[in-house]
Amino acid sequence: MVKLNGKKINTAVFISGRGSNLKSLIKFSKKKRSPISIKLVVSNNSKAKGLIHAKSFKIKTFFVNYKNINISEKKILKILLKHKIELILLAGFMKILSSNFIKKFKKPILNIHPSLLPKYKGLNTHKRVLEKKEKFSGSTVHLVTPNLDSGKIILQRKVKILKNTNEKNLEKKILKLEHNLYPEAIKKFLFNF
Ligand code: GRF
């Protein structure tokens, strides 16, 4: 739980690509009663489409090349401190944050993962779900800990997998759900977790 004291929480969103969740988070942050204000978007990919959304909303962006994880994380921590960031939202960020980074940041870090955790941690989720002929899949917002996709679950939603669904359709269906799920999870986490 984070202390709100009536003011919005300085938030950084970390991305690596498309940034559709970032887009929905920006929309959410602009609502009058939203508890977050997005001050910074961090990316390990200078060509991430999401950076264009950030720039179009005049949100500061920070690119870090990740050639060396220690140096990169030090640079990120420095800019987070400069912008007084109190909450990190990972939204399609394809790098794993070290336990040292998580310890040093001290504040909450949330992630959205496109599966019904604890099932299907890691990459290629939709492909693995379909191969196992699951009847349901979904998405989960959870706290980030040093163990991949394993922190406390904040909110989870499921979708039914229709017959003959392919990876692309399932991804699309889950993404749509995520755009509401992440804001809902943030509210739950900040107001009554
Ligand atoms: C989402 O499905 C999210 O769950 C996962 O990566 C994807 C990012 O998509 N962690 P986008 O970049 O937000 O469109």
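These exercises work through the ligand site, a salt bridge and two backbone features of a predicted model.

Residues are numbered from 1 along each chain as its sequence is written. In this predicted model, local features need pLDDT of at least 70 and side-chain atom pairs count only at pLDDT 80 or more, while totals for chains, interfaces and linings use all residues; side-chain values use heavy atoms, with hydrogens and water left out.

**Exercise 1. The shell**

Task: List the residues around the ligand and sort them by class.

Solution:
- Take residues with a heavy atom within 4 Å of the ligand.
- These are R18, G19, S20, N21, G92, I112, H113, P114, L175 and E178.
- Sort them, with Ala, Val, Leu, Ile, Met, Phe, Trp, Tyr, Cys and Pro as nonpolar, Asp, Glu, Lys and Arg as charged, and the others, Gly among them, as polar.
- The shell has three nonpolar, five polar and two charged residues.

**Exercise 2. Polar contacts and burial**

Task: Find polar partners of the ligand's oxygen atoms, then state how much of the ligand is buried.

Solution:
- Look for N or O pairs within 3.5 Å.
- A backbone N or O atom of G19 is 2.8 Å from a ligand oxygen.
- For N21, a polar backbone atom lies 2.8 Å from a ligand oxygen.
- E178 uses a side-chain N or O atom, at 2.5 Å from a ligand oxygen.
- Alone, the ligand exposes 370 Å², and the protein buries 87% of that (Shrake-Rupley, 1.4 Å probe).

**Exercise 3. A salt bridge**

Task: Locate the partner of R18 and place both residues in the chain.

Solution:
- Require a side-chain nitrogen of Lys or Arg within 4 Å of a carboxyl oxygen of Asp or Glu.
- The structure holds five such bridges.
- In one of them, R18 meets E171 at 3.2 Å, N to O.
- R18 is in the loop between β1 and α1, E171 in helix α6, 153 residues apart (DSSP runs: helices H or I, at least four residues; strands E, at least two).

**Exercise 4. Backbone features**

Task: Describe the L117–P118 peptide bond and the phi of K58.

Solution:
- Most residues other than glycine have a negative phi, and most peptide bonds are trans.
- The L117–P118 bond is cis, with omega about 10°.
- P118 is in the loop between β5 and α5.
- K58 has a positive phi of about 60°.
- K58 lies in the loop between α2 and β3.

How values were computed
A polar contact is a pair of N or O atoms within 3.5 Å; within protein, one must be able to donate a hydrogen and the other to accept it, and residues adjacent in sequence count only if both atoms are side-chain atoms.
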